[in-house]
There are 4 protein chains.
Amino acid sequence: MGKKKNLIETAVRLFAEQGYDGTTTLQISREAGVTEPLIYYHFKGKEELFTHILNGAFDEYVARLEALPASTRDEFTKIENLIVASQKAVAEMPRRIRLVMSSCPARIKDPAHVCSSRMLEIFDWHKNYLTNSLERGIASGEFVAVPVPETVYVLISMINGMIRQYSLLNGSRYVNARDVAVEFCRRSLLNRQGG
Amino acid sequence: MGKKKNLIETAVRLFAEQGYDGTTTLQISREAGVTEPLIYYHFKGKEELFTHILNGAFDEYVARLEALPASTRDEFTKIENLIVASQKAVAEMPRRIRLVMSSCPARIKDPAHVCSSRMLEIFDWHKNYLTNSLERGIASGEFVAVPVPETVYVLISMINGMIRQYSLLNGSRYVNARDVAVEFCRRSLLNRQGG
Amino acid sequence: MGKKKNLIETAVRLFAEQGYDGTTTLQISREAGVTEPLIYYHFKGKEELFTHILNGAFDEYVARLEALPASTRDEFTKIENLIVASQKAVAEMPRRIRLVMSSCPARIKDPAHVCSSRMLEIFDWHKNYLTNSLERGIASGEFVAVPVPETVYVLISMINGMIRQYSLLNGSRYVNARDVAVEFCRRSLLNRQGG
Amino acid sequence: MGKKKNLIETAVRLFAEQGYDGTTTLQISREAGVTEPLIYYHFKGKEELFTHILNGAFDEYVARLEALPASTRDEFTKIENLIVASQKAVAEMPRRIRLVMSSCPARIKDPAHVCSSRMLEIFDWHKNYLTNSLERGIASGEFVAVPVPETVYVLISMINGMIRQYSLLNGSRYVNARDVAVEFCRRSLLNRQGG
DNA sequence: GATGAATGAGTGTTCATTCAT
DNA sequence: TATGAATGAACACTCATTCAT
């Protein structure tokens with residue numbers, strides 16, 4: 001009767017609240033209403049349970065990115081879509097994003113860890129998406145001629161920074177920061193010359 | 001002879017490399033060439049050693065902020081100074097910033113922890129500094145009329161995002177991202193009306 | 001199997017021989033043929049194992065008191081019964097009584113400790129029992145008119161003193177001290193007037 | 001300036017309040033306003049400081065016994081004197097008696113310890129004193145013909161039991177228990193035949 | 001699928017004691 | 001006398017994990 005699901009959901013909650021090291025397998029099992037060895041029946045160990053959860057969160061986030069329309073009216077709309085999508089994600093799956101934002105920084109130095117590989121995957125996805133958009137926009141005259149790699153880096157930093165801020169601090173107080181961020185970027189990138 | 005200093009420096013290194021939970025007091029003492037109880041002679045415990053280090057890092061970062069000139073040629077220079085100063089900090093005290101960036105996210109939910117109180121302190125400092133700058137700049141016509149609180153929020157997110165990116169990922173590859181970020185903001189904020 | 005029982009019996013022995021502080025959890029587990037963490041599986045900690053044992057000893061002692069006949073031929077028989085019962089207890093459960101007599105004095109200042117609450121319980125039981133007996137005996141003319149509370153106090157001191165003496169010193173050498181004590185009290189209390 | 005004395009007095013207080021194992025050398029030194037190594041300058045170690053204090057208490061108690069008059073009007077007065085003296089001692093040097101009563105039971109199994117040797121010394125003193133008194137009293141017809149060794153044993157138990165009761169429990173509430181005890185013994189021992 | 005009992009390998013911490021000054 | 005710094009030896013306790021059922 002859904003004991004496994006129960007286990008996972010309890011683990012998500014506890015890992016998000018207390019961190020990986022601050023959560024014991026005994027606590028997870030007790031709060032899930034099962035016994036400890038059941039964790040080892042379903043998972044190889046605590047770490048696998050943890051990475052299973054992280055992978056789930058990454059999967060959903062990536063799915064949201066993949067769902068973004070590949071072709072849009074103009075290139076800035078793509079950038080706008082990305083900002084909006086990332087903010088929607090953090091609002092709609094807050095606990096899992098929070099888990100990633102609080103657990104992964106301490107794990108990034110281990111390149112074999114899920115945190116490293118999948119954050120890199122997302123970073124690369126962002127990079128390709130934004131590089132493509134910027135290059136096309138510059139070529140078409142929609143954007144001013146900014147140095148692409150560095151601008152991509154700045155945009156990613158801003159998007160990640162907003163996720164982090166929202167997720168770890170009381171970001172929900174700035175509900176329309178999202179739109180302000182979009183306009184902030186629009187003013188900076190759009191070519192207003194001639195027109 | 002400098003055993004305490006040795007202890008602290010070793011702890012900084014190990015905490016930054018392996019995280020708080022991943023570092024044992026035995027390991028710290030061994031690599032520092034002292035015995036374990038010495039930690040407990042100088043500090044109340046592992047946690048106090050840790051917060052001592054964090055406080056040191058926060059102190060230095062705050063000192064850098066306080067050193068920023070209070071009055072500048074124009075308001076955007078203040079914003080530029082802040083971006084530059086934060087990037088200089090992360091380049092000049094990388095290990096300690098990295099320690100903060102990787103350790104604190106997992107501790108922010110505890111409002112009593114050094115991470116919470118001092119990150120809030122820095123957040124507030126940033127907020128006041130940027131709010132002041134934006135309000136003056138808008139009033140004088142230097143800046144376009146942006147919504148102040150949200151724009152401040154976006155700017156802080158960007159600055160923090162860049163610190164995080166630099167600190168945890170290989171941000172050093174984008175050395176002039178700093179200047180690109182400054183220009184990015186300048187284009188967005190500066191009032192170009194009536195050229 | 002019976003590892004828990006083994007653990008408890010070993011702990012009784014070692015605590016009685018070496019005291020609480022003089023006995024380590026490692027020693028208990030080793031001499032019981034189990035591993036240390038098993039103590040923590042069955043008990044919350046060393047202290048709980050200790051109080052579990054103390055409670056067992058108190059329970060048995062109280063059970064012996066409760067088993068004393070409520071109505072007797074005369075009132076002095078009650079007093080005799082109490083003296084005999086306490087001496088029988090110390091002869092039949094020597095290790096546990098010795099444990100109590102050597103461990104509890106150091107713990108009595110802590111009113112929350114098992115030693116305090118349960119010794120008080122026994123003290124009160126003795127007090128009620130003896131007060132009742134003395135009052136009835138005096139009223140009926142069986143006893144001389146002694147001041148009741150103080151005489152109760154003296155009798156309890158004598159009983160406890162004999163337990164202590166027997167338990168901590170080589171009291172077994174005075175096997176018939178019990179009967180001598182009974183006669184000692186009888187001569188003192190019985191009303192010989194009008195023989 | 002009396003630092004040694006200070007040390008000892010503080011140690012008496014702390015050992016009495018918290019027991020030997022519950023008191024650390026650091027705590028003693030701090031509360032005495034000195035540093036830890038000073039303990040090792042004046043004493044060989046914690047244990048020696050402890051036995052120094054115990055010996056002081058035993059010395060004073062023995063001195064009180066020795067001060068009892070060797071010849072009295074009758075033999076029962078000797079017994080009365082002993083009861084009164086022991087109760088006076090516990091009222092006049094409560095902390096040190098309490099220290100002995102709470103610390104020594106756990107140490108009596110070690111025959112080399114001060115607790116063992118000096119409590120035995122006192123036990124023997126009591127035994128000789130009472131044996132002598134009883135034998136003479138019986139011979140002279142002052143006392144009834146009780147079995148001497150066992151009666152001595154009972155009397156010692158009663159005296160010790162009253163000290164213990166007074167010292168560890170709220171014995172001070174029964175201030176005239178002393179006189180009641182004396183009368184209790186008098187009635188039991190005195191020969192009333194053929195008045 | 002599920003559990004009660006048990007364990008190996010540590011972990012932070014304490015404490016009496018010593019050393020150099 | 002007196003101390004700041006340092007240590008050796010242990011200690012209670014935790015936790016992820018396994019085994020027999």
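How do the residues of the surface near DNA strand F divide into nonpolar, polar and charged? There are 12 nonpolar, 11 polar and six charged residues there. In this tally Ala, Val, Leu, Ile, Met, Phe, Trp, Tyr, Cys and Pro count as nonpolar, Asp, Glu, Lys and Arg as charged, and the others, Gly among them, as polar. A residue is taken as near a strand if one of its heavy atoms lies within 4 Å of it.

Some ground rules help here. The model is a predicted one, in which local features need pLDDT of at least 70 and side-chain atom pairs count only at pLDDT 80 or more, while totals for chains, interfaces and linings use all residues. Residues are numbered from 1 along each chain as its sequence is written, chains are lettered from A and ligands numbered from 1 in the order in which they are written, and side-chain values use heavy atoms, with hydrogens and water left out.

To stay with DNA strand F for a moment, 29 residues surround it, and the closest are A:Thr25, A:Tyr40, B:Thr35, B:Pro37 and D:Thr35. Of the strand F atoms within 4 Å of the protein, 63% belong to sugar or phosphate, and bases make up the rest. Several side chains meet the backbone of this strand. A polar side-chain atom of A:Thr25 sits 2.7 Å from a phosphate oxygen of DNA strand F, and for A:Tyr40 the distance from such an oxygen is 2.9 Å. From chain C, an N or O atom in the side chain of C:Tyr40 is 3.0 Å from a phosphate oxygen of strand F. Helix 3 of chain A, of chain B, of chain C and of chain D each supply at least two residues of the surface near this strand. Helix 3 of chain B gives the most, with four residues. Helices here are DSSP runs (H or I, at least four residues), numbered from the N terminus.

Now for the other strand. DNA strand E is surrounded by 30 residues, the closest being B:Lys46, C:Thr35, C:Pro37, D:Thr25 and D:Tyr40. Sugar or phosphate accounts for 64% of the strand E atoms within 4 Å of the protein, with the rest belonging to bases. Two threonines reach phosphate oxygens of strand E: C:Thr35, through a polar side-chain atom at 2.7 Å, and D:Thr25, through a side-chain N or O atom at 2.7 Å. C:Tyr41 also takes part, with a side-chain N or O atom 3.0 Å from a phosphate oxygen of the strand. Helix 3 (36–42) of chain A, chain B, chain C and chain D each supply at least two residues of the surface near strand E. That surface has 12 nonpolar, 12 polar and six charged residues.

Next come the protein chains themselves, beginning with chain A and chain B. A turn of 180° and a shift of 0.0 Å along the axis lay chain A on chain B with an RMSD of 0.1 Å, after least-squares superposition on the C-alpha atoms of residues with pLDDT of at least 70 in both. The two copies are thus related as by a two-fold rotation axis. The same surface serves both copies, since 100% of the contact residues of chain A recur in chain B. Contact means heavy atoms within 4.5 Å, and 46 residues of chain A are in contact with 46 residues of chain B.

The area buried between chain A and chain B is about 4,200 Å², with carbon and sulfur atoms giving 65% of it. Buried area is the accessible area (1.4 Å probe) that two parts lose on being put together, summed over both. In chain A, A:Tyr153, A:Arg164 and A:Phe184 lose the most area to chain B, together 18% of what that side buries. Across this interface there are zero salt bridges (a side-chain nitrogen of Lys or Arg within 4 Å of a carboxyl oxygen of Asp or Glu). Helix 8 (148–168) is one of the helices of chain A that each supply at least two residues of the side touching chain B, and the largest share, 16 residues, comes from helix 8.

What about chain C and chain D? A rotation of 180° with 0.1 Å of shift along its axis superposes them (RMSD 0.2 Å). Chain C and chain D bury about 4,200 Å² between them, 65% of it on carbon and sulfur atoms. Chain A and chain C do not touch, and their nearest C-alpha atoms are 12 Å apart.

How values were computed:
Polar contact = N/O pair within 3.5 Å; in protein donor to acceptor, adjacent residues only side chain to side chain.
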